[in-house]
Amino acid sequence: MSEIKIVVAGPRGRMGREALQLVKNTEHFTLVGAIDHKYGGKKVSEIEGLPNLDAPIYTDIEACFSELQPDVLIDLTTPEVGRVHTEIALQYGVRPVVGTTGFSKEDLETLSKLAEEKGIGAIIAPNFAIGAILMMKFSQMAAKYFQDIEIIELHHDKKLDAPSGTAAKTAELISTVRESKKQGHPEEKEIMQGARGATYDGIHIHSVRLPGLIAHQEVLFGGNGQMLSIRHDSFNRESFMSGVKLAVETIMKIDLLVYGLENIIE
Ligand SMILES: NC(=O)C1=CN([C@@H]2O[C@H](COP(=O)(O)OP(=O)(O)OC[C@H]3O[C@@H](n4cnc5c(N)ncnc54)[C@H](O)[C@@H]3O)[C@@H](O)[C@H]2O)C=CC1
Ligand SMILES: O=C(O)C1=N[C@H](C(=O)O)C[C@H](O)C1
């Protein structure tokens with residue numbers, strides 16, 4: 001396989017560190033740079049706790065892209081920053097692989113149009129773990145038979161966005177096969193605000209945040225005298241890395257925006 005030149009945004013984050021390790025351990029991946037809001041001018045190897053990689057750190061993404069001309073940006077930052085980074089990457093002809101969550105439907109539409117205009121690939125994946133992709137696909141299958149569904153997503157307490165990108169994507173996939181429905185008692189009232197969670201097309205989503213957790217989701221399907229539950233747990237962030245690797249390899253061969261890894265996994 002030919003060499004893929006990569007820039008990682010968010011290199012000091014929980015996912016960014018893991019992504020640096022993936023790039024370091026993959027023969028045909030080369031880290032040419034990193035984007036951070038601190039440490040501009042330093043090398044990745046100079047930052048405590050980061051792998052021994054010679055690549056320079058930039059605080060200015062445009063300077064980074066013009067000077068290094070990477071093939072791929074891996075973005076693992078925050079919703080606001082990730083959206084801007086993805087747009088700039090597309091403007092510079094750098095293919096974005098985006099794990100950052102919290103994008104709106106409008107963001108996705110705008111970025112998709114831009115990718116099409118520029119004729120380059122982009123992948124935005126709310127979850128890179130294969131087990132999570134299967135959990136979403138199985139949930140979509142089950143929703144044909146069970147229309148009453150509640151999603152419970154559980155994450156570490158440093159997470160910025162709620163609900164998680166995975167929960168939002170799960171609800172979206174389910175709503176492609178399930179007719180819109182208001183669940184629960186028609187006259188139910190929340191005695192405490194938020195007790196019934198968020199709703200997407202009538203599907204209730206509950207977000208749990210606790211120290212000690214990584215990333216977990218359970219989708220509950222209620223039926224007459226029965227309940228089906230489909231659960232996925234990520235116990236570490238290495239669980240996401242085979243999906244990141246697949247996305248980086250795939251993005252070199254596509255020329256449109258793909259939202260969700262389920263669209264590239266056979
Ligand atoms: N798609 C997937 O499979 C997964 C996605 N995520 C998502 O990835 C994102 C990052 O998650 P974590 O690593 O846990 O968060 P984190 O908070 O540990 O890392 C985010 C990093 O972004 C950096 N950052 C902030 N502003 C920046 C800027 N302007 N330029 C460059 N870097 C900047 C921060 O310094 C921080 O190091 C979140 O949106 C999360 O939801 C997390 C796990 C899996
Ligand atoms: O912030 C996290 O940790 C995770 N974020 C993604 C999401 O919002 O779904 C993926 C995974 O759940 C971990």
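Trainee: What makes an oxygen atom of ligand 1 and a polar backbone atom of methionine 15 a polar contact?

Mentor: The two atoms are 2.8 Å apart, and a polar contact is a pair of N or O atoms within 3.5 Å, so the pair qualifies. This is a predicted model, in which local features need pLDDT of at least 70, side-chain atom pairs need 80 or more, and totals for chains, interfaces and linings use all residues. Residues are numbered from 1 along each chain as written, chains are lettered from A and ligands numbered from 1 in written order, and side-chain values use heavy atoms, without hydrogens and water.

Trainee: How do you know that alanine 125 makes such a contact with ligand 1?

Mentor: A polar backbone atom of alanine 125 is 2.8 Å from a nitrogen atom of ligand 1, so the pair meets that limit. The protein covers 82% of the 860 Å² of accessible area (Shrake-Rupley method, 1.4 Å probe) that ligand 1 has on its own.

Trainee: Which side chains have an N or O atom at 2.6 Å and at 2.4 Å from an oxygen atom of ligand 2?

Mentor: Histidine 155 has one at 2.6 Å, and threonine 166 has one at 2.4 Å. Both pairs are therefore polar contacts. Of the 330 Å² that ligand 2 exposes on its own, the protein covers 85%.

Trainee: What makes His155 and Thr166 residues around ligand 2?

Mentor: Both are listed around ligand 2, which means that each has a heavy atom within 4 Å of it. By class, that shell has three nonpolar, seven polar and two charged residues.

Notes: Polar contact = N/O pair within 3.5 Å; in protein donor to acceptor, adjacent residues only side chain to side chain. Nonpolar A, V, L, I, M, F, W, Y, C, P; charged D, E, K, R; others polar.
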